[in-house]
Amino acid sequence: MSLNPSVFLKEIEEHNSKFVETNKTTSIASENPLQNLCLASQEVLQKAQQSGRSKCLKCGGSRMFYCYTCYVPVENVPIEQIPLVKLPLKIDIIKHPNETDGKSTAIHAKLLAPEFVNIYTYPCIPEYEEKHHEVVLVFPGPQSISIKDISFHLQKRSQNKSRGQNDDLDKPSFKRKKIEDQEDYDLNDSMCKNTILKKIIFIDSTWNQTNKIFSDERLQGLLQVELKTRKTCFWRHQKGKPDTFLSTIEAIYYFLVDYHTDVLKEKYKGQYDNLLFFYSFMYHLIKNAKCSGDKETAKHTQ
């Protein structure tokens, strides 16, 4: 059955108003970015953690908190106690087939923003060929741009498309810069402030496996965006990789926060913090367990 989008978004706002804590502080803390989030009550997760694994009502599998196969909460986590997040953009996540489902944080986005997020397992990838002027791929690289420049580059692509011209992605960056300087593009122009971005693509994979997906011809020519200033606090951070290599749910969250402030030019008030509902709970659970273990070890060594 189809769902009226306006009705659904209204239901999200009413749903979340029951759960958002009144003590709202900025969600971008310098020392611990997960400390001051505006989150729904996590009491349901605390109870589920104490009671242990539960059954998925769809497939019957035994899981903790949610089923990573069916993308639904398990029996002891009532769905009405899980927040729903309203996003300004659609999100496609391309998951590597060898990525362990139970370790992937991409599922968090699908659970918390189900009407805005789709997950595809490679080699299944949607067709983006005619949408290069309204879709971006979040992935680091020499041609990646920052979030604040998205509107400028997409407007340029849109104009090129209307003129029947190709994008200038294959030209060296210094040549593109020269061409851009010669044309009447102004990043501060009101036209560039009105973004035409409709969808973001994320690759869900270990960093060592990303090249197979990234090099797929169906993703070639897409505008690449890099999150250069954010640092991960993922407990499974891959050895030898910089701390700017984020987990999937971190990348989604930080992209949306920066998009909200740098592109939409609106004050951020925690609108997307609940995307970290599961992630922040697991982070503190693991951190506390590690601290308890360290204290126990120290006690035995004294």
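## Aspartate 258 and its partner

Aspartate 258 counts as buried in this predicted model, because its relative accessibility is 13% and the cut-off for a buried residue is under 20%. Its partner is arginine 230, with which aspartate 258 forms a salt bridge whose closest N and O atoms are 2.6 Å apart. This pair links distant parts of the chain, since arginine 230 sits in the loop between β9 and α8 while aspartate 258 belongs to helix α8, the two being 28 residues apart. Arginine 230 is buried as well, with a relative accessible area of 12%.

## Helix α8

The helix that holds aspartate 258 runs over residues 248-263 and has 16 residues. From its first C-alpha to its last, α8 reaches 21 Å, which is close to the 22 Å expected at 1.5 Å a residue. Helix α8 is mostly covered, with 14 of its 16 residues buried. Just after α8 comes lysine 265, which takes a positive phi of about 60°.

## Two further salt bridges

The structure holds seven salt bridges, and one of them joins aspartate 92 to lysine 199, with the closest N and O atoms 3.4 Å apart. Here too the pair links distant parts of the chain, for aspartate 92 lies in strand β5 (residues 90-95) and lysine 199 in strand β8 (residues 199-204), 107 residues apart. Aspartate 92 counts as buried at 1% relative accessibility, whereas lysine 199 is partly exposed, with a relative accessible area of 21%.

Another salt bridge is formed by lysine 95 and aspartate 101, whose closest N and O atoms are 2.7 Å apart. Lysine 95 counts as buried at 5% relative accessibility, while aspartate 101 is partly exposed, with a relative accessible area of 28%.

## A patch of negative charge

On the surface, Glu127, Glu129, Glu130 and Glu217 gather in a patch of negative charge. One of these residues, glutamate 217, lies in the loop between α7 (210-214) and β9 (223-225). Glutamate 217 is exposed because its relative accessible area is 69%, and exposed means over 50%.

Technical notes: Residues numbered from 1 in each chain as written. Predicted model: local features only at pLDDT ≥ 70, side-chain atom pairs only at ≥ 80, totals over all residues. Heavy atoms only, no water. Patch = residues over 30% accessible without salt bridge, like charges linked within 9 Å, V, L, I, M, F, W, Y side chains within 5 Å. Areas by Shrake-Rupley, 256 points an atom, 1.4 Å probe, with all protein chains shown as cover. Salt bridge = Lys/Arg side-chain N within 4 Å of Asp/Glu carboxyl O. Lys, Arg positive; Asp, Glu negative; His and termini not counted. Charge placed at Lys NZ, Arg CZ, Asp CG, Glu CD. Helix = DSSP H or I, 4+ residues; strand = E, 2+ residues; numbered from the N terminus. Buried < 20%, exposed > 50% of the residue type's maximum accessible area, 1.4 Å probe, protein only. Expected span 1.5 Å × (residues − 1).
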